[in-house]
Amino acid sequence: MAGRPREFDREQALRRARDAFWERGYEGTSMADLIAAMSISSASIYAAFGSKEGLFREAVADYDASDGGFAARALEEEPTARSALRRMLVDAVALFTRPDTPHGCMVVLSAPRSAKENEGVSEWLSAHRHGRHATILARIRQARDDGEIRPEADPVVLADFYTTFLQGLSVQARDGYSPERMLASIDSAMLVFDAATARAS
């Protein structure tokens with residue numbers, strides 16, 4: 001006998017859960033919040049996703065595959081590291097300040113902060129952020145290999161700077177900074193990269 005079909009749109013429910021986690025963070029989103037946001041019962045949530053943590057991991061994967069994939073796309077598609085880093089930051093501002101989604105970056109702002117039982121989620125998100133840093137670092141190392149930046153420039157230092165700046169934009173967006181103000185700061189951020197391209201006179 002065939003199993004009873006689900007009485008809800010799983011993808012739509014997942015997107016609603018994603019936005020709840022994005023807005024309130026993992027710890028700040030209760031099962032009651034998820035039930036309200038997804039418009040389904042707790043039994044349906046557990047049946048479809050296994051657990052709150054399982055739902056959260058799927059929600060982050062959905063974020064990465066759609067809105068949150070802006071950085072990877074910029075780093076892969078732009079012809080130079082400079083244009084890739086600049087596009088990454090500009091696209092971040094566009095996403096982090098969109099009126100139809102929570103402000104800021106889901107991966108940066110939804111990390112658990114205190115409960116010991118959530119350490120696994122916290123470590124998983126940390127690994128996610130380290131992965132973003134690794135992607136930025138790889139693009140900058142390629143720039144050095146291609147002669148775009150000076151051989152003595154340190155790719156790790158540059159990657160640290162742009163990762164930190166990217167995460168800072170997320171916090172600024174959550175704190176209500178205007179897109180115009182955030183975009184203006186990107187010009188200054190790119191001077192750091194330009195210094196790595198300057199040749200000694």
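**Exercise 1. Asp19, Arg18 and Asp62**

Task: Classify Asp19 as buried, partly exposed or exposed from its relative accessible area of 25%, then state which residues form salt bridges with Arg18.

Solution:
- Step 1. Asp19 is partly exposed, because its relative accessible area of 25% falls between the cut-offs of 20% for buried and 50% for exposed. The value comes from a predicted model.
- Step 2. Apply the cut-off to Arg18. A relative accessible area of 6% makes Arg18 buried, since buried means under 20%.
- Step 3. Look for partners of Arg18. Asp19 forms a salt bridge with Arg18, and their closest N and O atoms are 3.0 Å apart.
- Step 4. Asp62 also forms a salt bridge with Arg18, with 3.4 Å between the closest N and O atoms.
- Step 5. Locate this second pair along the chain. Asp62 sits in helix H4 (residues 52-65) and Arg18 in helix H1, 44 residues apart, and the pair thus links distant parts of the chain.
- Step 6. Compare the surroundings of the pair. Asp62 and Arg18 are both buried.

**Exercise 2. From one salt bridge to a network**

Task: Find which helices the salt bridge between Arg87 and Glu77 links, and say how many salt bridges the structure holds.

Solution:
- Step 1. Check the distance. The closest N and O atoms of Arg87 and Glu77 are 2.9 Å apart, which meets the limit of 4 Å for a salt bridge.
- Step 2. Place the residues. Arg87 belongs to helix H6 (residues 81-96) and Glu77 to helix H5 (residues 70-77), and the two are ten residues apart.
- Step 3. Classify Arg87. Its relative accessibility is 23%, so Arg87 is partly exposed.
- Step 4. Look for shared partners elsewhere. Arg15, Arg18, Asp19, Asp62, Asp67, Arg98 and Asp100 are joined into one network by salt bridges that share partners.
- Step 5. Count. The structure has 14 salt bridges.

**Exercise 3. How H1 packs on H2**

Task: Decide whether helices H1 and H2 are parallel, antiparallel, perpendicular or oblique to each other, and name the residues that make the contact.

Solution:
- Step 1. Take the geometry. The axes of H1 (residues 10-24) and H2 (residues 31-38) come within 8 Å, and the crossing angle is roughly 135°.
- Step 2. Apply the angle classes. The value lies outside 65 to 115 degrees and is not over 145, so H1 and H2 are oblique to each other.
- Step 3. Add the hand. H1 and H2 cross in a right-handed sense.
- Step 4. List the residues. H1 contributes Ala13, Arg16, Ala17, Ala20, Phe21 and Arg24, while H2 contributes Asp33, Leu34, Ala37 and Met38.
- Step 5. Sort them by class. The contact of H1 with H2 has seven nonpolar, three charged and no polar residues.

**Exercise 4. How H1 packs on H4**

Task: Work out the relative orientation of H1 and H4 and the classes of the residues in their contact.

Solution:
- Step 1. The axes of H1 and H4 come within 9 Å and cross at roughly 95°.
- Step 2. Angles from 65 to 115 degrees count as roughly perpendicular, and H1 and H4 are therefore roughly perpendicular to each other.
- Step 3. On the H1 side are Arg10, Leu14, Arg15, Ala17, Arg18, Phe21 and Trp22; they meet Lys52, Leu55, Phe56, Glu58, Ala59, Asp62 and Tyr63 of H4.
- Step 4. The classes in the contact of H1 with H4 are eight nonpolar, six charged and no polar.
- Step 5. Connect this with Exercise 1. Arg18 and Asp62 are in this contact, and they form a salt bridge.

**Exercise 5. Two residues and their contacts**

Task: For Ala92 and Glu148, state whether each is buried or partly exposed, and which residues each contacts beyond its neighbours within four places in sequence.

Solution:
- Step 1. Ala92 lies in helix H6. Its relative accessibility is 0%, so Ala92 is buried.
- Step 2. Beyond the sequence neighbours, Ala92 contacts Phe70, Leu166 and Leu169.
- Step 3. Glu148 lies in the loop between helix H8 (119-145) and helix H9 (155-174). With 23% relative accessibility, Glu148 is partly exposed.
- Step 4. Beyond the sequence neighbours, Glu148 contacts Thr80, Ala81, Arg82, Ala143, Phe193 and Thr197.

**Exercise 6. The whole chain**

Task: State how many helices and strands the protein has, and what share of its residues is buried.

Solution:
- Step 1. The protein has ten helices and zero strands.
- Step 2. Of its 201 residues, 40% are buried.
- Step 3. The C-alpha trace spans about 75 × 35 × 30 Å along its principal axes.
- Step 4. Among contacts between residues at least 6 apart in sequence, 67% join residues at least 24 apart.

Notes
Residues are numbered from 1 along each chain as its sequence is written. This is a predicted model: local features need pLDDT of at least 70, side-chain atom pairs count only at pLDDT 80 or more; totals for chains, interfaces and linings use all residues. Side-chain values use heavy atoms; hydrogens and water are left out. Axes are lines fitted to C-alpha atoms, for helices over the stretch in contact, and angles run from 0 to 180 degrees between N-to-C directions. Helices (H or I, at least four residues) and strands (E, at least two) are DSSP runs, numbered from the N terminus. Angles under 35 degrees count as roughly parallel, over 145 as roughly antiparallel, 65 to 115 as roughly perpendicular and the rest as oblique. A crossing is left-handed if the near helix is turned anticlockwise from the far one by less than a right angle, and right-handed if clockwise. Contact means heavy atoms within 4.5 Å. Ala, Val, Leu, Ile, Met, Phe, Trp, Tyr, Cys and Pro count as nonpolar, Asp, Glu, Lys and Arg as charged, and the others, Gly among them, as polar. A salt bridge is a side-chain nitrogen of Lys or Arg within 4 Å of a carboxyl oxygen of Asp or Glu. Buried means under 20% relative accessible area, exposed over 50%, partly exposed in between (1.4 Å probe, protein chains only).
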